[in-house]
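Here are my notes for you on this one. Keep the viewer open while you read, and click through to each spot as it comes up.

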Amino acid sequence: MISLILLNGGVGARARTAGPKQFVKINGVPIVVYSLKAADEVAEITEIVLNFPPGHRDTLEELVRDYAIQTPVKYADAGQTRQDSVALLLDQVTNEDVLLHESARPIVTAEDFRALINSQHANVGFMREISFTVAPVDPDTSRVTGSLERSRLRNVQLPQKFNLADLRKGHEFASASGTHYTEDATMCADAGIDVYFVEGSEHNLKVTTPGDVNLATMLLRREGDENV
C-alpha cells in the first residue's frame, strides 16, 4: 500500500492563464485530471493527498466527482513554497511509503507509478540525461566559475517514491539548515539518505509556459491516438 502526494497548489503565473493552470483544459480535460486518472488505475495507491490553490477547493472536489476518481482523496491547503506544501501534506499520509508527483506534469501514466512502486529501492525517482552543457556561474558578476561534467548530471523529473520516514528526515534537515529545495530527491540526498534514479522520459514535460501548454496538448493527443 502506498500514498500519493499530488502537488496542485500553485497559481501558474508563468503560464499566463485566466486561472490556476492545473484547471486549464488540454484536449478537453483539465490538467490535474490526467494525474488523478493515472493514479486511480494503480491498485497499490490507496489514498491521494492533494492540495489546492487558495479559493479553489470546491473546483477540485467537483473535478474529482465529475471524473469518478475512486481512490480516496484528502484535501489540504497549499504552503507558501513547494517545500512547505510537501511538509504539510506529509501530515496527512497514512502509509509507510509515498509517491510524490505534481499536477503540472500531466504526461504521467499508471505504468510510471508502478515502475517506482516495483523498484527495489525505497527512495527513487525518474531522472533524464542532460542533452546540453551547463556551467556554474556567479550571477552577480556574470563570471563563469568553472565547469561541470555533464555525464554526472541529471534532469530531475517526477514522480518520485520515498519511504515516509526518510522523506520526513529530509524535510527536517532542510528546515534545520534553512535550505530551500525545489524538489525532494536532492534534498534527501543532502540529508545523507540514499536516493536512486531510473531513466525518465523525454516526454515528461512540466507545464510552465503557454508554449508548454501547446506542446502538452500535442503529446497527449498523440498518446491518446496511440491508445485507440
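Leaving aside its neighbours within four places in sequence, which residues is Phe113 in contact with? Have a look, then read on; point 1 has the answer. Bear in mind that this is a predicted model.

1. Start at Phe113. Not counting neighbours within four places in sequence, Phe113 is in contact with Leu4, Ser35, Ala38, Ala39, Val42, Ile45, Leu99, His101, Val108 and Pro159.

2. Now zoom out to the core around that spot. The largest nonpolar core has 38 residues, and Phe113 is among those that touch the most other members, along with Leu4, Val32, Leu36, Ile45, Ile48 and Leu99. At least two residues of this core come from each of S1, helix H1 (31-40), S4, H2, helix H4 (110-117), strand S7 (124-129) and helix H7 (210-226). The largest share, 7 residues, is supplied by H1. Another core lies apart from this one; it has 19 residues, including Ile5, Leu164, Tyr181 and Ile193. As background, nonpolar side chains tend to be buried together in soluble globular proteins.

3. Next, trace the sheet. It is open, with 7 strands in the order S5-S4-S1-S6-S10-S7-S11 and mixed pairing. Strand S5 (73-77) and strand S11 (196-199) are the edge strands, each pairing on one side only. From one strand to the next, the twist averages 25°.

4. Pick out one pair of strands from that sheet. Strand S1 (residues 2-7) runs parallel to strand S6 (residues 97-102), and the two pair over 5 bridges. Leu7 has Glu102 as its bridge partner in S6. Remember Glu102, as we'll come back to that residue.

5. Two helices deserve a look here. Helix H2 (residues 57-66) packs on the sheet, where it touches strand S4 (45-52) and S5, and the direction of H2 makes about 165° with that of S5. In helix H3 (residues 82-90), the buried residues are Gln83, Ser85, Val86, Leu89 and Leu90. They cover an arc of only 160° around the axis, so they sit on the same side of H3. What do these buried residues pack against? Their partners are S1, S4, S5, S6 and helix H5 (164-177).

6. Back to Glu102, this time for its charge partners. The structure holds 8 salt bridges. One of them joins Glu102 to Arg105, with the closest N and O atoms 2.8 Å apart. Is this pair buried or exposed? Both Glu102 and Arg105 are buried. Glu102 also meets Lys206 in a salt bridge, at 3.7 Å from N to O. Lys206 lies in the loop between S11 and H7, while Glu102 is in strand S6, so the pair ties together parts that are 104 residues apart in sequence. The relative accessible area is 33% for Lys206, which makes Lys206 partly exposed; for Glu102 the value is 7%, which is why Glu102 counts as buried.

7. Compare that with a salt bridge inside one helix. The side chains of Arg114 and Glu111 meet at 3.5 Å, N to O. These two are 3 residues apart in helix H4, so about one helical turn separates them. Arg114 is partly exposed, with a relative accessible area of 29%. Elsewhere, Glu102, Arg105 and Lys206 are joined into one network by salt bridges that share partners.

Technical notes. Residues numbered from 1 in each chain as written. Predicted model: local features only at pLDDT ≥ 70, side-chain atom pairs only at ≥ 80, totals over all residues. Heavy atoms only, no water. Pairing = 2+ DSSP bridges. Helix = DSSP H or I, 4+ residues; strand = E, 2+ residues; numbered from the N terminus. Axes fitted to C-alpha atoms, helices over the stretch in contact; angles between N-to-C directions. Contact = heavy atoms within 4.5 Å. Buried < 20%, exposed > 50% of the residue type's maximum accessible area, 1.4 Å probe, protein only. Arc of directions from axis to C-beta. Core = buried A, V, L, I, M, F, W, Y, C linked by side-chain atoms within 4.5 Å. Salt bridge = Lys/Arg side-chain N within 4 Å of Asp/Glu carboxyl O.
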